[in-house]
Amino acid sequence: MAKKCLIIYSSYTGNTEKVALRIKSTFERNGWECDSFKTRKKAEDILHPPFDVNDYDFLCVGSGLRVHLPYNEVLNILRRFRLGFDPRIALRNRDETIPYIKEPLPDMPPPFDDPDVLSHHGKIVLGPDSKKAVIFITYGGYEFGPVEAEPSAQLLALEVEHLRFKCLGTFCCPGRFLNHPTPGTFHGDIRDRPNEKDLLKAEMFIEEKLEEITDRPALE
Ligand SMILES: Cc1cc2nc3c(=O)[nH]c(=O)nc-3n(C[C@H](O)[C@H](O)[C@H](O)COP(=O)(O)O)c2cc1C
C-alpha cells in the first residue's frame, strides 16, 4: 500500500504555496499518496481540522514569516494536535489568544496538577522507526539572509517532534516581499522568488529525504 504524506502550510502571498505544490508533486512522483491542507485564519481549521495527522507516515509543514515567526495558524493547528484540546487554553499561559476564534473557552483551563495534563508531559525519544517530517519556509531575509528563517524552522520542528514525527531537515528559500529591487538587502532582488531553481532545490531536498528513508534489504 502507498505510504501517506500530509502537507500542512499557510501562505498569504503564494510563495510558500509554490513550494508546497512542488513538494506534493515530488511525493506523488515517488509513489506516495499526498494530501495537502492550506490552513486559514478560521476557527474551524484550528478547532476541527478535517484530517488526523496520525493517519500519515510523513508530515511536511510550511509557512512564510512575519515578524521573525511562522504564521500563527500553522503553529496553532500543530498545537491543537499536540494538546488534544483548544490551543487557546495553553496560550493563556502566554497572555495570548486566537482572535478569530469566537467560541467561548471552557470555564476552567486544566489545572497544572490535573492527571490529564500531567499525562501530556514525558520524555520523548524518536528512533529510526518513528514517522518522519520536514519543515519548509519562505522568507525575506533582508537583514541576515537564511539565518532569519532558522528560529521559525526550529520552532516548527519542535512542534512536529512533539507529534512524534522525527524532523529530517528544513528547506528554506527567499520569497518575494516588497515590490522593489531592494539592492541593499542580503539576497538583493527577490521579486521572482521562489523561482524555478528554488523549486528544483525543494524537489531535490525531498528526493534526498525519501532516499534516506528507503528500506533496503541488508546484505547477507
Ligand atoms: C508584513 C510582513 C512581515 C514580514 N516579516 C518578515 C520577517 O520578519 N522576516 C523575513 O525574513 N521575512 C519577512 N517577510 C517576508 C515573507 O516572509 C516572505 O515574503 C514570504 O515568502 C511570504 O510567504 P507567503 O507568500 O507564503 O505568505 C514579511 C512579509 C510581510 C508582508
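**Helix α7, the core and the ligand shell**

In this predicted model, the buried residues of α7 are D198, A202, F205, I206 and L210; buried means that 20 or more other C-beta atoms, placed from the backbone, lie within 10 Å of a residue's own, exposed that 12 or fewer do. Seen down the axis of α7, these buried residues fall within an arc of 130° (taken over the directions from the helix axis to the C-beta atoms), so they line one face of the helix. They pack against α1, β5 and β6. On the face turned away from the buried side sit the exposed residues E196, K197, L200, M204, E208 and E211. Helices (H or I, at least four residues) and strands (E, at least two) are DSSP runs numbered from the N terminus.

A welcome next stop is the core. The largest nonpolar core, a set of buried Ala, Val, Leu, Ile, Met, Phe, Trp, Tyr and Cys residues joined through C-beta atoms within 7 Å, has 43 residues, of which L59, C60 and V61 touch the most other members. Elements that each supply at least two residues include β1 (4-9), α3 (72-83) and α7 (196-213), while β5 gives the most, with six.

Turning to the ligand, 20 residues surround it, each with its C-beta atom, placed from the backbone, within 6 Å. The closest are S11, T16, G64, G140 and G175. Two or more residues of this shell come from each of α1 (15-29), β3 (58-66) and β5 (131-139).

Residues are numbered from 1 along each chain as its sequence is written. Local features need pLDDT of at least 70 and side-chain atom pairs count only at pLDDT 80 or more, whereas totals for chains, interfaces and linings use all residues.

Technical notes
Contact = placed C-beta atoms within 7 Å.
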